[in-house]
Amino acid sequence: MTILCVRFQLPPMYEAALPGLLGLLEEFTPVVEALPPDGALADLRGAERYFGRDAVELASVIRVRALAHHGIDCVIGAGPGPMLARIALRDARPGVTRAVPADAVAEFLADKPVAVLPGVGAATARTLCEYGLDTLGRVAAAPLSTLQRLVGAKAGRDLHEKANGIDRGRVVPNAVSRSLATERPFDRDELDPERHRRALLSAAEEIGARLRAVEKVCRTLTLTVRYADRSATVRSRTLVEPTAHSAALAKAVYGMYDALGLQRARVRAIVLRAEGLTPAEQASHQLSFDPVDERVRRIEEVADRARAKFGPRAVMPGRLAA
């Protein structure tokens, strides 16, 4: 077992702690892949040899250090590959690492529903279940030709390999600093769409101000809506052009929210993440002859100077991107 999949149990408004927690993992291995907003993959092959401990023992040390230094607990899955570690994480709980030994992969996967496999969406899972292939054990035992007839040649081959525990994935080191995130929790489960939209506007303005402060623009926005039953919906949108303009960010996030078509949803929190950050000086900008747009941009500059001088509360939220 050389791969850990770690999910930190971050409380609301604590997502900014993720870079520090990733630094904790990097004390053991440089091969760490951030999984925003609250997780990471870590390849411990070198660490096992260096520290003379296996992945499960190192996971215990990581958990203790996260609690001691950050006051944050975590759940950890361990396996021979990233896919297996992610699946193991589903069975993990605080204080106990769920580990999948390399010689017990088939037994571990046999009773799992097909939907746990990465890349198997609702439509594919429904198709497989219609033919009685509702568990990974049954999928693994099915002839490759049968799977390919059901879901296609390439998808069938991938499905057959994954169901048999063949994990070709790898941990790709990345930088969480290439993204910015903010969270808007509600005091109680919120049903009012207008309150949802105000939270979205506030989040977009904060992200815009933070991007401009570090002279960055973002290419992609990711919206996470967390519900009262602890489920969540995640949507991403690639922007027409990279931007740090609060009005453009707010328009994009409104579009993602409206596309969800929520009907009296009990929303617990809204998280907005800007990804694909690049230096603002390298970004192209479509010229606009709209005087309103130019005026709003000038107001943003004044507001940014006010924040820099008097603090983030110097500008009331909702005054710029409306």
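Let's start in the middle of a sheet: strand β1 has 5 of its 6 residues buried, so β1 is largely enclosed by the rest of the structure. What you are looking at is a predicted model, and β1 is a handy place from which to find your way around.

## Around β1

On one side, β1 pairs with β3 in the antiparallel sense, over 5 bridges. The pairing of β1 with β4 is antiparallel too, and covers 6 bridges. Leucine 4 is a good residue to click on here. It stands opposite alanine 42 in β3, while in β4 the bridge partner of leucine 4 is alanine 78.

Now zoom out a little. The sheet is open and has 5 strands, in the order β2-β3-β1-β4-β5, with mixed pairing. Its edges are formed by β2 (32-35) and β5 (98-99), each of which pairs on one side only. The edge strand β2 runs antiparallel to β3 (residues 39-43), and 4 bridges join the two. One of the pairs to look for is leucine 35, whose bridge partner in β3 is glycine 39.

Which helices pack on this sheet? Helix α3 (residues 55-70) does, touching β1 (3-8), β4 (74-79) and β5, and its direction makes about 25° with that of β1. Helix α4 (residues 82-89) packs on the sheet as well, where it touches β1, β2, β3, β4 and β5; the direction of α4 makes about 140° with that of β4.

## Two helix pairs

Helix α3 also has a helical partner. Helix α1 (residues 18-26) packs against α3 at an angle of about 140°, and their axes are 11 Å apart. That makes α1 oblique to α3. The crossing of α1 past α3 is right-handed.

Further along the chain, helix α8 (residues 144-151) and helix α9 (residues 153-163) have axes that come within 7 Å and cross at roughly 130°. These two helices are therefore oblique to each other, and α8 passes α9 in a right-handed crossing.

The residues that meet in each pair are listed here.

| Helix pair | Residues in one helix | Residues in its partner |
|---|---|---|
| α1 and α3 | Gly20, Leu21, Leu24 and Leu25 in α1 | Ile62, Arg65, Ala66 and His70 in α3 |
| α8 and α9 | Leu144, Leu147, Gln148 and Val151 in α8 | Ala153, Ala155, Gly156, Arg157, Leu159 and His160 in α9 |

## The nonpolar cores

In soluble globular proteins, nonpolar side chains tend to be buried together. Here the largest nonpolar core has 31 residues, and those that touch the most other members are Leu211, Cys218, Leu221, Leu223, Leu249 and Val253. At least two residues of this core are supplied by each of β6 (179-190), α10 (193-213), β7 (216-227), α11 (246-260) and β9 (267-275). The largest share, 8 residues, comes from α11.

What does leucine 221 touch, once its neighbours within four places in sequence are set aside? Its contacts are Arg235, Ser236, Arg237, Leu239, Leu249, Ala252, Val253, Met256, Leu272, Arg273 and Ala274.

Apart from the largest core lies another one, of 27 residues, including Leu18, Leu24, Ala59 and Ile72. Leu24 will be familiar as one of the α1 residues that meet α3.

## Two residues of α10

Helix α10 offers two residues worth a closer look. Is alanine 209, which lies in this helix, buried or exposed? Its relative accessibility is 13%, so alanine 209 counts as buried. Alanine 209 and serine 246 are 37 residues apart in sequence, and their C-alpha atoms are 7.4 Å apart in space.

Serine 202 is found in helix α10 too. With a relative accessible area of 18%, serine 202 is buried, because the cut-off is under 20%. Between serine 202 and glutamate 183 there are 9.8 Å in space, C-alpha to C-alpha, and the two are 19 residues apart in sequence.

## The whole chain

How many helices and strands does the protein have? There are 12 helices and 10 strands. Of the 322 residues in the protein, 44% are buried. Among contacts with a separation of 6 or more, 65% are between residues 24 or more positions apart.

Key. Residues are numbered from 1 along each chain as its sequence is written. This is a predicted model: local features need pLDDT of at least 70, side-chain atom pairs count only at pLDDT 80 or more; totals for chains, interfaces and linings use all residues. Side-chain values use heavy atoms; hydrogens and water are left out. Two strands pair if DSSP finds at least two bridges between them. Contact means heavy atoms within 4.5 Å. Axes are lines fitted to C-alpha atoms, for helices over the stretch in contact, and angles run from 0 to 180 degrees between N-to-C directions. A nonpolar core is a set of buried Ala, Val, Leu, Ile, Met, Phe, Trp, Tyr and Cys residues joined through side-chain atoms within 4.5 Å. Buried means under 20% relative accessible area, exposed over 50%, partly exposed in between (1.4 Å probe, protein chains only). Angles under 35 degrees count as roughly parallel, over 145 as roughly antiparallel, 65 to 115 as roughly perpendicular and the rest as oblique. A crossing is left-handed if the near helix is turned anticlockwise from the far one by less than a right angle, and right-handed if clockwise.
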